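Look at how the two protein copies meet, how helices pack, and what lies around the DNA. The paragraphs below take these topics in turn.

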Number of protein chains: 2
Amino acid sequence: MPVLAPEVVPCCPPLTSAELSEADAARMATMFKALGDPVRLRLFSKVASHPGGEACVCDIQDVGVSQPTVSHHLKKLREAGLLASERRGTWVYYRVEPSVLAGLARLLDLNR
Amino acid sequence: MPVLAPEVVPCCPPLTSAELSEADAARMATMFKALGDPVRLRLFSKVASHPGGEACVCDIQDVGVSQPTVSHHLKKLREAGLLASERRGTWVYYRVEPSVLAGLARLLDLNR
DNA sequence: CCACTGAATCGATGGATGTCAATATAGGCG
DNA sequence: CGCCTATATTGACATCCATCGATTCAGTGG
């Protein structure tokens, strides 16, 4: 039997259907926490809504905080698994991880 | 024309369709932050998955922290608008606010 | 090799936050 | 009223975290 890619395993049925285990709660809380800061949520929103599905840091860094702070928040979003980054020449591009976001949406879905 | 209940106004289209305003980001970040703690997420999960759609504090307080801490976290979830509480006799019951949760799910929905 | 731009890291700091023990409040029941 | 149980509040404390200025790293082009 082949080993399945562990990061693809969908986490957690909707919250209404079953209680989260301690481990799953820790995993999911990390992602919610990453979205739980206004600046980070705006950065995430800017990436998610950017044409082409990705954005250069230079396209999104106008959120009212300094450049190091923007970099810090993007790192947090990356570490939470919500964004992926790739350097192309001078610029670094960020894009959303669709499967991870879908897992969060599924968790919150009441109609299931 | 009747005045619509302001708290029913659905916030924010999906993240992929448009960038969040600063004000909307602040509102939504408050809710994500409330779910961004493992203990709070477990408490929320216990309420959401409890038969009947509501749970007494006594039903859900076994999450590994002290009673005051449980109370503190439930207050946070209430203040974020995710839970509502009602005292009935000796016990206090918590239930999820479905419309608010639905707003969060809508925000994260990629297929729209 | 050097200057320039974009982005990340470092170090410091003030404020937010999770936690607990102690105490208070609320309601039920003798 | 007095005692018991269920929750909430208070106060203290340690840790975490968002933020910034300064610096460093990476890549481009002269």
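Two residues are in contact if their C-beta atoms, placed from the backbone, lie within 7 Å. On the interface, 100% of the interface residues of chain A are also interface residues in chain B, so the copies meet through the same surface. This is a predicted model: local features need pLDDT of at least 70, side-chain atom pairs count only at pLDDT 80 or more, and totals for chains, interfaces and linings use all residues. Residues are numbered from 1 along each chain as its sequence is written, while chains are lettered from A and ligands numbered from 1 in the order in which they are written.

A turn of 180° and a shift of 0.0 Å along the axis lay chain A on chain B with an RMSD of 0.0 Å (least squares on C-alpha atoms of residues with pLDDT of at least 70 in both). The two copies are thus related as by a two-fold rotation axis.

Now take helix packing. Helices are DSSP runs (H or I, at least four residues), as are strands (E, at least two), numbered from the N terminus. In chain B, helix H2 (residues 38–48) packs on helix H4 (residues 67–79) at about 75°, with axes 10 Å apart. H2(B) and H4(B) are therefore roughly perpendicular (65 to 115 degrees).

Next, the DNA. 25 residues surround strand D (C-beta atom, placed from the backbone, within 6 Å). Val65(A), Ser66(A), Pro68(A), Gly89(A) and Pro68(B) are the closest. H4(B) gives the most to this surface, with six residues.

Conventions: Axes are lines fitted to C-alpha atoms, for helices over the stretch in contact, and angles run from 0 to 180 degrees between N-to-C directions. Angles under 35 degrees count as roughly parallel, over 145 as roughly antiparallel, 65 to 115 as roughly perpendicular and the rest as oblique.
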